[in-house]
Structures are given as C-alpha cells and as structure tokens.
Amino acid sequence: MRKTILVVLACSIYAISLAQVSYKEISSARLSSERQLKIKLPKDYDPKGDKKYPVIIVFDGDYLFEPVAGQVDFQTYFDDMPSSIVVGIMQGENRFYDSYYDPTTGLPTESGLRFHDFVSDELLPYIDKEYNTSKFRVAVGHDIMGNFINSYVFKEDLAFQAYVCISPDFVGSLKNFVSKRLALYNDDIFYYLATSDKDIPEIRENILSTNALISEVTNQNVTYYFDDFKNETHYTLVTGAISRSFDKIFNIYNPLREKELEEKVLPYEGTLDQFLTDRYNRIEKLFGITQEISEEELEKVAKVAEQREDFKSLYKLGKLANKIHPETLLGTFYLAQSAEQLGKTKKAKKLYEEALALNDALNIDKDYIASKIEELTLALVDVNDEEIEDEEEEDNEEE
C-alpha cells in the first residue's frame with residue numbers, strides 16, 4: 001500500500017513539474033548558433049528574494065531532463081535535498097558534434113571543445129545572471145555525455161562541484177586520469193559513478209576499472225559514491241542512479257538520521273553544540289543555503305549527549321537553543337537538565353521555573369516541567385543549608 005501511494009505521489013509531482021517548465025534560447029558565440037534550454041524553477045522561487053538555489057545542468061536534456069526534474073521535485077517535496085534550478089541542454093542532432101573527443105585522451109576537441117567552452121563560459125554565466133543561483137552546481141550526464149562531463153574535472157577553476165556520471169562511455173585514457181585529478185583537489189567535490197550487471201559490456205568494464213582507481217583516492221575533499229545496479233540495463237539504470245546520486249550528494253542537507261547519529265555524533269570528539277554548528281556551516285558553505293538549526297535536530301543531539309552522559313554538551317546545547325529559539329523553553333530545559341545531573345538541585349529547580357514562563361518546545365510541555373519542579377522541591381527538603389550554600393558559591397564562580 002505504501003509503495004502504491006509513493007508511486008502515485010511521484011507521478012503527480014512529475015506531472016506538476018512538467019507544467020512548470022519553460023523553454024529559452026541562448027545565443028552562443030562559441031557555437032555560432034542558438035541553443036534551446038529547458039528550465040525548471042523551484043516552486044518557492046522568488047526572483048526578488050534573497051534565497052539562492054543550487055543549479056543542476058542536465059546534458060542530453062532531450063531525454064534526461066524530465067527524469068531529473070521529476071526526481072528533484074520528488075526529493076525536495078520530502079526535504080531530502082534543497083530546492084534547485086534544473087537546466088536541460090537540448091542537443092538533438094548536435095550530440096555527436098557536442099561530444100566530439102580526442103580518441104587518445106578522451107577529452108573534447110574541435111566541436112566538442114567549443115561545446116565545452118559554451119557551457120562553462122556562456123551558459124553558466126547566463127544562468128547566474130538570470131536567476132538567484134548559489135555557487136553549487138551539479139553536472140548530470142549519461143553514456144557519451146557521462147564521459148564528456150569529466151572534462152570539467154580537469155579545469156583549474158571548478159565549473160561544477162558535483163558530477164553524476166551515469167553509465168559513462170569512457171574513451172581513450174580519460175578513465176585512467178580522473179582518479180589522478182580527483183586526488184589533487186583542495187576544495188569539496190562530489191563524484192558519482194554508476195553501472196549495472198546488464199550494462200553494455202565494454203562500457204561496464206571501463207567503469208569498473210575506473211571505480212577501482214578512484215576507490216584508492218584518499219583525498220578528504222573528495223566524496224565518492226559508486227553504484228552497481230542489479231538487473232538493470234544501460235538505460236533502465238538511469239532513474240535509479242539519479243535518485244541515488246542526489247540522495248548521496250545532498251546527504252548533509254538531510255535532517256540528522258540514525259546512521260549519522262550513531263556513526264558521527266556519538267563518537268564526536270568535542271562538545272555536541274560544535275558538531276551541529278559545523279554541520280550547518282558546511283551546508284551554507286557548500287550550497288549557499290543558510291538554515292536555522294531546528295528544535296528537532298537539537299533534541300536528537302541532546303539525546304546523544306544524555307547517552308554519553310556528556311552534561312557539558314547538554315549545557316552548551318542549552319545555550320545554543322536559547323540563542324536560536326529564545327521564545328521556547330527548550331534551551332532552558334537543557335540547562336536545567338545539565339544542572340540536575342551535576343547535582344545542582346537548587347539551580348536546576350530555578351531554571352525549570354524560568355522555563356515555565358516560555359513557550360512549549362516541540363516535545364516538551366509545561367506539565368512535564370511542573371512535574372520536575374515538584375520532584376526537585378521534594379528533593380530539596382532533604383538537602384541541608386550547607387550543601388545549598390556550596391552550590392550557590394559554585395554557581396557564582398561559574399557566572
């Protein structure tokens with residue numbers, strides 16, 4: 001039943017996305033001709049707004065644009081990736097000339113080089129001028145255009161920060177040099193490669209050998225993903241690869257999930273407020289998107305702090321929550337929890353009382369806070385005056 005609902009939803013989103021597509025022509029001095037583009041803007045796009053959007057350039061837009069645009073709408077609907085501008089380049093009969101390459105190096109030459117320069121020197125500046133774009137760009141290519149987009153990996157200034165190479169038809173020695181180039185990058189770059197067990201044999205063989213080489217790259221700036229699909233052909237693997245690649249490339253944009261909490265948050269060296277701050281700073285650096293740390297994210301990380309018995313992190317998460325969400329009781333609640341766990345009963349009770357004057361948090365209401373105050377009031381009956389004075393002195397020293 002759930003699968004049926006998702007399929008219906010996907011079809012609905014796909015139909016709506018097609019209705020929002022516009023067609024434009026761009027005049028190219030490099031190509032001495034005009035090229036038609038398909039452009040899909042996000043639903044929330046406001047030309048007068050300050051929000052910036054990643055750009056996804058789809059080569060072979062004649063047939064690849066719709067699957068990409070539909071998948072972008074589907075994944076943004078569930079907030080699994082940021083709203084993005086999708087641009088498809090219509091190539092049609094020009095495809096052969098656009099992808100023309102040197103048989104020895106596999107890199108574009110003659111008409112292929114002119115098309116290469118058209119994209120980097122004319123198309124991308126045009127999109128940046130016309131729309132509110134961030135600096136994060138994704139290149140999507142299949143078959144021979146999957147080979148072609150690798151030519152941008154060799155540019156000194158990155159035209160694209162992410163590459164989706166779907167069953168690329170690697171030619172010449174290019175497959176041997178991609179890994180060497182990736183090893184040299186000093187900035188973040190995402191590289192996705194896909195094939196399948198029923199792919200065209202020669203193409204699959206070259207992809208597998210390329211994967212073996214890239215897998216040996218140890219550059220921390222390179223995020224590499226490889227998929228080897230089962231029972232898919234050279235063409236049917238496309239939709240799965242688009243979905244998987246976007247899920248991987250925009251993984252950090254996703255809300256914190258159990259896997260990341262277990263593998264990255266739990267063993268994190270340092271206070272967990274810093275983990276959250278660094279994570280959101282990286283999202284802004286990569287995608288040009290400024291996001292506010294949500295109450296839900298704070299709650300997930302606070303639970304990990306409790307699991308670690310890390311009351312310093314809990315305290316700092318409280319400070320962070322008060323800074324971001326001052327209207328809710330979340331931050332004060334964490335400060336109270338931290339004080340309580342450290343045995344500062346009087347201070348904890350005072351903080352819980354302060355929390356009562358604030359709005360409820362996502363999963364914490366005032367009834368629970370009131371019960372904590374009652375519990376600590378009873379506990380203070382058994383605490384002598386000397387212990388309370390010692391606690392007050394410690395609090396004054398901290399302040």
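The following legends describe close-up views of a predicted model. In this predicted model, local features need pLDDT of at least 70 and side-chain atom pairs count only at pLDDT 80 or more, whereas totals for chains, interfaces and linings use all residues. Residues are numbered from 1 along each chain as its sequence is written, and side-chain values use heavy atoms, with hydrogens and water left out.

**View 1. Phe115 and Phe148 form an aromatic pair that is tilted.**
The rings of Phe, Tyr and Trp (its six-membered ring) pair if their centres lie within 6.5 Å; planes under 30 degrees apart count as stacked, over 60 as edge-to-face and the rest as tilted. The structure holds 26 aromatic pairs. Because the planes of Phe115 and Phe148 stand at 50°, with the ring centres 5.5 Å apart, this pair is classed as tilted. The two residues are 33 residues apart and link distant parts of the chain: Phe115 lies in helix 4 (residues 111–130) and Phe148 in helix 5 (residues 144–148). Helices (H or I, at least four residues) and strands (E, at least two) are DSSP runs, numbered from the N terminus. Both Phe115 and Phe148 are buried; buried means under 20% relative accessible area, exposed over 50%, and partly exposed in between (1.4 Å probe, protein chains only).

**View 2. Phe160 and Tyr163 meet in an edge-to-face pair.**
Their ring centres are separated by 6.1 Å, and the angle between the planes is 70°. Phe160 has a relative accessible area of 0% and is therefore buried. Tyr163, also at 0% relative accessibility, counts as buried. Phe160 and Tyr163 belong to one aromatic cluster, whose members include Phe59, Phe115, Phe148 and Tyr224.

**View 3. The charged end of Arg181 sits over the ring of Tyr185.**
The distance from this charged end to the centre of the ring is 4.4 Å. A charge sits over a ring if NZ of Lys or CZ of Arg is within 6 Å of the ring centre and within 35 degrees of the ring normal.

**View 4. Helix 2 is largely enclosed by the rest of the structure.**
Of the 17 residues of helix 2, 12 are buried, so the helix is largely enclosed. Among the buried residues are Leu64, Phe65, Val68, Val72 and Phe74. The expected span of a helix is 1.5 Å times one less than its number of residues. For helix 2 this gives 24 Å, and the end C-alpha atoms are 22 Å apart, which agrees.

**View 5. Asp60 and Asp79 have positive phi values.**
Most residues other than glycine have a negative phi. Asp60, however, has a phi near 55°. This residue is found in the loop between strand 3 (53–58) and helix 2 (61–77), and at 1% relative accessibility Asp60 counts as buried. Asp79 follows helix 2 and has a positive phi of about 60°. Its place is in the loop between helix 2 and strand 4 (85–89). With 36% relative accessibility, Asp79 counts as partly exposed.

**View 6. Asp73 and Lys40 are joined by a salt bridge.**
A salt bridge is a side-chain nitrogen of Lys or Arg within 4 Å of a carboxyl oxygen of Asp or Glu. The structure holds 19 salt bridges. In the bridge between Asp73 and Lys40, the N to O distance is 3.2 Å. The pair links distant parts of the chain, with Asp73 in helix 2 and Lys40 in strand 2 (residues 33–40), 33 residues apart. Asp73 is buried at 7% relative accessibility, and Lys40 is buried at 2%.

**View 7. Arg204 forms a salt bridge with Asp228.**
The closest N and O atoms of the two side chains are 2.8 Å apart. Arg204 belongs to helix 7 (residues 201–214) and Asp228 to strand 8 (residues 222–233), so that distant parts of the chain, 24 residues apart, are linked. Arg204 counts as buried at 17% relative accessibility, whereas Asp228, at 25%, is partly exposed.

**View 8. Glu263 and Lys259 form a salt bridge within helix 9.**
The N to O distance in this bridge is 2.9 Å. Because Glu263 and Lys259 are four residues apart in helix 9 (residues 258–265), about one helical turn separates them. Lys259 counts as exposed, at 56% relative accessibility.
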